[in-house]
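Hi everyone, thanks for making time. I'd like to walk you through a few side-chain contacts, so let me put the structure up on the screen.

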Amino acid sequence: MKRTEMDNIVENMAEYICDHICQKPKEITDAEKLEDYCAEECDIGSHICNILNQYNKINDFEDSELYKIMTKHRNIVLCKECQHRAHCNDGEFEWCRLGAGLDGNLREGEGCSRGIKVSESDT
């Protein structure tokens, strides 16, 4: 599995805690016993896993709010790409020719789910 920047950050945090905050090295002077404690009894490993699991859950794109919005609006055709867009000869006004389309002049970024996208060869 590819390491992320978050892996590096959490690893550095854990090293700092173990090297500068943890009191066990003062209590357990035998290196082998300290190593056993760190491997078997210390909770820092489970905390690291919880942090990384939460980070991965938050950053799971398919579970994100953005993905949900994109899925909901995937059939939207922007007016500037739509076959039903009409404009006056001087290009000052653009409107939707659909009876149930957008009313008034079309603005940048507007679109609807009733539009039909102009093929790339026609643009």
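Let's begin with Phe-61, which is partly exposed, with a relative accessible area of 41%. Please keep in mind as we go that this is a predicted model. Tyr-67 also counts as partly exposed, at 33% relative accessibility. I mention these two residues together for a reason: the structure holds 1 aromatic pair. The ring centres of Phe-61 and Tyr-67 lie 5.4 Å apart and the planes meet at 75 degrees, so this pair is edge-to-face. The cut-off behind that word is an angle over 60 degrees between the planes.

There is another ring worth a look, the one on Tyr-37. What sits over the ring of Tyr-37? It is the charged end of Lys-24, 5.0 Å from the ring centre.

Now to the salt bridges. How many does a search of the whole structure find? The answer is 6, and I'll show you some of them.

Come back along the chain to helix H5, which covers residues 65–72. Here Lys-68 makes a salt bridge with Glu-65, and the closest N and O atoms are 3.4 Å apart. Why are these two separated by about one helical turn? Because they are 3 residues apart within helix H5. Is Glu-65 buried or exposed? Glu-65 is exposed, with a relative accessible area of 54%, while Lys-68 is partly exposed at 42%.

The next salt bridge joins Lys-117 and Glu-81, with 3.8 Å between the closest N and O atoms. Lys-117 belongs to the segment after strand E4 (111–112), and Glu-81 to the loop between strand E1 (77–78) and strand E2 (85–87), so this pair ties together parts that are 36 residues apart in sequence. Lys-117 counts as partly exposed, at 46% relative accessibility. Glu-81 is partly exposed as well, with a value of 27%.

One more, and then I'm happy to chat. Which residue does Glu-11 meet in a salt bridge? Its partner is Arg-3, and the N to O distance is 3.2 Å. Glu-11 is partly exposed at 36% relative accessibility, and Arg-3 is partly exposed at 46%.

So, to recap for anyone new to this structure: we have seen an edge-to-face pair made by Phe-61 and Tyr-67, a Lys-24 charge over the ring of Tyr-37, and salt bridges including the one between Lys-68 and Glu-65. Thanks for listening!

Key. Residues are numbered from 1 along each chain as its sequence is written. This is a predicted model: local features need pLDDT of at least 70, side-chain atom pairs count only at pLDDT 80 or more; totals for chains, interfaces and linings use all residues. Side-chain values use heavy atoms; hydrogens and water are left out. A salt bridge is a side-chain nitrogen of Lys or Arg within 4 Å of a carboxyl oxygen of Asp or Glu. Buried means under 20% relative accessible area, exposed over 50%, partly exposed in between (1.4 Å probe, protein chains only). Helices (H or I, at least four residues) and strands (E, at least two) are DSSP runs, numbered from the N terminus. Rings of Phe, Tyr and Trp (its six-membered ring) pair if their centres lie within 6.5 Å; planes under 30 degrees apart count as stacked, over 60 as edge-to-face and the rest as tilted. A charge sits over a ring if NZ of Lys or CZ of Arg is within 6 Å of the ring centre and within 35 degrees of the ring normal.
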